Every structure is written in C-alpha cells, then in structure tokens.
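User: I am new to this structure. Please take a close look at a single part, the lining of the largest pocket, and follow it to the elements beside it.

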Amino acid sequence: MSDAGYPKPVPVPADPELTKPFWEAAKRHELLIPRCGACDRFFFYPRHTCPHCLSRDWTWEPASGQGRVYSFTLVRRPADPSFMDDVPYAYAVVELDEGPRMVTGIVDCPLEAIEIDMPVQVRFDDVTPEWTLVKFAPA
Ligand SMILES: [Zn+2]
C-alpha cells in the first residue's frame, strides 16, 4: 500500500493481514490488543502465536487505553525520514494496564515533563486518511 500523494507518508506494517484489525480499530479511535483464549493473557505486538503459551487461539479485544510510561527517549534525528517534521519528539514504551508494553509516542505534553511511571491515556493521531497512529498523553 502506498501513501504517495499525502502530506506525510508513514511506514506501513510488515504483516498487514495480521495487524489489519488493530489499524482499522485505530481509525475508529479504538484500541484493540490480542488476548489469548488458552491462557487468558493479553499480549502485544500482534503475532500468530501467544508469547506466553504458544497457543494460536487468540482474539482481538478492546483495551482500556490506560497505562504508564515504562521507558522513553527524546528523538532529534528520526530513524525514518517520515518523522523528520516531528522532531524533537518522545519515543516511548508504555506499559498498558492490561500488561503488554507498546512502542508509541507521548503527545500533548512538554517533553521535559515526561517521566518514567507517568500515567498516560491513549490518543489517536490521524496522520493520513488511511492511517491513524496510536499515541499516549498524560492521563
Ligand atoms: Zn496464551
């Protein structure tokens, strides 16, 4: 899939069929994450087998959108040129209340105010007509 022609091209998923429900939900401003039907645990990133018990029996379930900053760094030179206009920005790992950790961005917050363990809540950034990115802001 190409984003050619839009003001901000973004990298696209490596396995679009596997992650399609996640991206479709994000466009609706809903956060879905995989939950295993065998061991009942949530996990993220999406993958074909549960990382806890290796079951392939999992479904997409709504997440609360609440979590805490597990780790972060401030990016001044993005690895992908698509994000050059955004620098400096906060690249973070957020631990969701459901357990899994998600690589994301922290927004609506001065960069110097971001702290480890800060409570955050999901935000949806409609970066192109096709793609919405999942980010987090102070709760
Ligand atoms: Zn499992």
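Analyst: For sorting residues, Ala, Val, Leu, Ile, Met, Phe, Trp, Tyr, Cys and Pro count as nonpolar, Asp, Glu, Lys and Arg as charged, and the others, including Gly, as polar. By that sorting, the lining of the largest pocket holds 28 nonpolar, three polar and five charged residues. The model is predicted. The space in this pocket comes to about 1100 Å³. Its lining is made of 36 residues, of which F83, Y91, V103, T104 and L133 are closest to the centre. Two or more lining residues come from each of α1 (16-27), β4 (89-96), β5 (101-106) and β7 (132-138). The most come from β5, which supplies six.

Two of these elements, α1 and β7, lead to further details. Strand β7 includes T132. This residue counts as buried because its relative accessibility is 2%, under the 20% cut-off. The side chains of T132 and D126 make a polar contact at 2.6 Å. Leaving aside residues up to four places away in sequence, T132 touches W23, A26, K27, H29, F124, D125, D126 and V127.

W23 also takes part in aromatic pairing. The whole structure has six aromatic pairs. In one of them, W23 and W131 meet edge-to-face, with 5.3 Å centre to centre and 85° between the planes. W23 lies in helix α1 and W131 in the loop between β6 (119-126) and β7, so this pair ties together parts 108 residues apart in sequence. W131 counts as buried, at 10% relative accessibility. Both tryptophans belong to one aromatic cluster, formed by F22, W23, F44 and W131.

Methods
Residues are numbered from 1 along each chain as its sequence is written. This is a predicted model: local features need pLDDT of at least 70, side-chain atom pairs count only at pLDDT 80 or more; totals for chains, interfaces and linings use all residues. Side-chain values use heavy atoms; hydrogens and water are left out. On a 1 Å grid over the protein atoms alone, a cavity is a set of points where a 1.4 Å probe fits but cannot get out, and a pocket is an open set with protein on both sides within 12 Å along at least five of seven lines; lining residues have an atom within 4 Å of a point. Grid points are joined across faces, edges and corners, and a volume is the space filled by probe spheres set on the points. Helices (H or I, at least four residues) and strands (E, at least two) are DSSP runs, numbered from the N terminus. Buried means under 20% relative accessible area, exposed over 50%, partly exposed in between (1.4 Å probe, protein chains only). A polar contact is a pair of N or O atoms within 3.5 Å; within protein, one must be able to donate a hydrogen and the other to accept it, and residues adjacent in sequence count only if both atoms are side-chain atoms. Contact means heavy atoms within 4.5 Å. Rings of Phe, Tyr and Trp (its six-membered ring) pair if their centres lie within 6.5 Å; planes under 30 degrees apart count as stacked, over 60 as edge-to-face and the rest as tilted.
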